[in-house]
Amino acid sequence: MAKLLILAASTGKNLKLAMELKAAAEIHGHEVDVMDLCALDLPMYTPESEKQHLNHEDIQSSMKRILHCDGMIVCAPEYNGSHPPVLSNFIAWVSVQSSNFRLLFNKRSVGLASASGGGGNHVIMSMRMQFSFLGSNVLGRSIVVNKSKSLNPDAVEDMITGVLR
Ligand SMILES: Cc1cc2nc3c(=O)[nH]c(=O)nc-3n(C[C@H](O)[C@H](O)[C@H](O)COP(=O)(O)O)c2cc1C
């Protein structure tokens, strides 16, 4: 049994996708933690707000949850051909509150998934670039769900075994 963390960067179809991935991983006996980034309701990161939230409780506990996992899947919607502000904001906060900005993501296996309007491939590319920069081992195969593409159970199985290898 391994520990999987799923980040959901929106509360609609992406949180639903996160819960579907959770259910699939639990069938294999894995322990799954779903982190709803919107529910954290973090302040917008700016150099000024950083000074006001030096040890923000929710950021600190999120960091512990990431360090605790064996592998991670990120479910995020495509916004204007890129990733949504809640994900950028979260990554900015955890990077400045770690001793090293790569600490949480370096060498970590990361799977990328998106439930988007009509596309989804741009947010996957954008997340691939960011998590690779942070040192993660990003799986080659991703999951995209949109108005003309339903969830592929084969891709789900591949992602779960890939991130928890
Ligand atoms: C600001 C904004 C920008 C969007 N840009 C795109 C886009 O570039 N490509 C796309 O496929 N869908 C786009 N969408 C649609 C969302 O990806 C889609 O509604 C998705 O389901 C939202 O995720 P959620 O249901 O988890 O909230 C956009 C939606 C919003 C609000």
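**View A. Lys107 sits in the loop between α5 and β4 (109–115).** Welcome to the first stop in this predicted model. The phi of Lys107 is positive, at about 65°, although Lys107 is not a glycine. To see what makes that worth a look, remember that most residues other than glycine have a negative phi. Is Lys107 buried or exposed? Lys107 is exposed, because 8 other C-beta atoms lie within 10 Å and a residue with 12 or fewer counts as exposed.

**View B. Asn80 also belongs to a loop, the one between β3 and α5 (85–96).** Here too you can look at the backbone: the phi of Asn80 is near 50°, a positive value in a residue that is not glycine. Try counting its surroundings in the structure. Asn80 has 8 C-beta neighbours inside 10 Å, so it counts as exposed.

**View C. Strand β1 (residues 3–8) has a partner strand in β2 (residues 31–36).** Start with how covered β1 is: five of its six residues are buried. The pairing of β1 with β2 is parallel and uses six bridges. One place to find it is Ala8, which stands opposite Asp36 in β2. Now follow the chain from β1 to β2: it passes through helix α1 (residues 13–27), and this β-α-β crossover is right-handed.

**View D. β1 is also joined to strand β3 (residues 71–75).** How many bridges join β1 to β3? There are five, and the two strands run parallel. To find this pairing on your screen, look for Leu7, which stands opposite Val74 in β3.

**View E. β4 is mostly covered and pairs with β3.** Six of the seven residues of β4 are buried. Four bridges hold the pairing of β3 with β4, and these strands run parallel. Within this pairing, Met72 stands opposite Val110 in β4. Trace the chain from β3 to β4 and you travel through α5, in a β-α-β crossover that is right-handed.

**View F. β4 pairs with strands β5 (residues 137–138) and β6 (residues 143–145) too.** With β5, the pairing of β4 is parallel and has two bridges. Look for Ser109 here, as it stands opposite Asn137 in β5. With β6, β4 shares three bridges, again in a parallel arrangement. Which residue of β6 is the bridge partner of Ala113? It is Ile143.

**View G. Residues gather around the ligand.** The ligand is surrounded by 15 residues, and the closest are Ser10, Gly12, Pro77, Gly117 and Gly119. What classes of residue make up the shell around the ligand? Sorted by class, the shell holds three nonpolar, ten polar and two charged residues.

**View H. Gly118 lies in the loop between β4 and α6 (121–133).** Gly118 counts as exposed because it has 9 C-beta neighbours inside 10 Å. Setting aside residues within four places in sequence, Gly118 is in contact with Asn146 and Lys147. For a sense of scale, pick Ala92 as well: Gly118 and Ala92 are 26 residues apart in sequence and 28 Å apart in space, from C-alpha to C-alpha.

**View I. Glu50 is found in helix α3 (residues 47–52).** Why is Glu50 called partly exposed? It has 15 other C-beta atoms within 10 Å, and partly exposed residues fall between the exposed limit of 12 or fewer and the buried limit of 20 or more. Not counting residues up to four places away in sequence, Glu50 touches Tyr45 and Val96. Glu50 and Leu7 are 43 residues apart in sequence, and their C-alpha atoms are 22 Å apart in space.

**View J. Stepping back, the protein has seven helices and six strands.** Reading along the sequence, you meet them in the pattern β-α-β-α-α-α-β-α-β-α-β-β-α. The radius of gyration is 15 Å, close to the 15 Å that the globule rule gives for 165 residues, so the protein is as compact as a globular protein of that length. Along the principal axes, the C-alpha atoms fill a box of roughly 45 × 35 × 25 Å. Buried residues account for 38% of the 165 residues. Finally, take the contacts between residues at least 6 apart in sequence: 78% of them join residues at least 24 apart.

Key
Residues numbered from 1 in each chain as written. Predicted model: local features only at pLDDT ≥ 70, side-chain atom pairs only at ≥ 80, totals over all residues. Near = placed C-beta within 6 Å. Nonpolar A, V, L, I, M, F, W, Y, C, P; charged D, E, K, R; others polar. Pairing = 2+ DSSP bridges. Right-handed = clockwise from strand over helix to strand, strands pointing away. Contact = placed C-beta atoms within 7 Å. Rg over C-alpha atoms; globule rule 2.2 N^0.38 Å.
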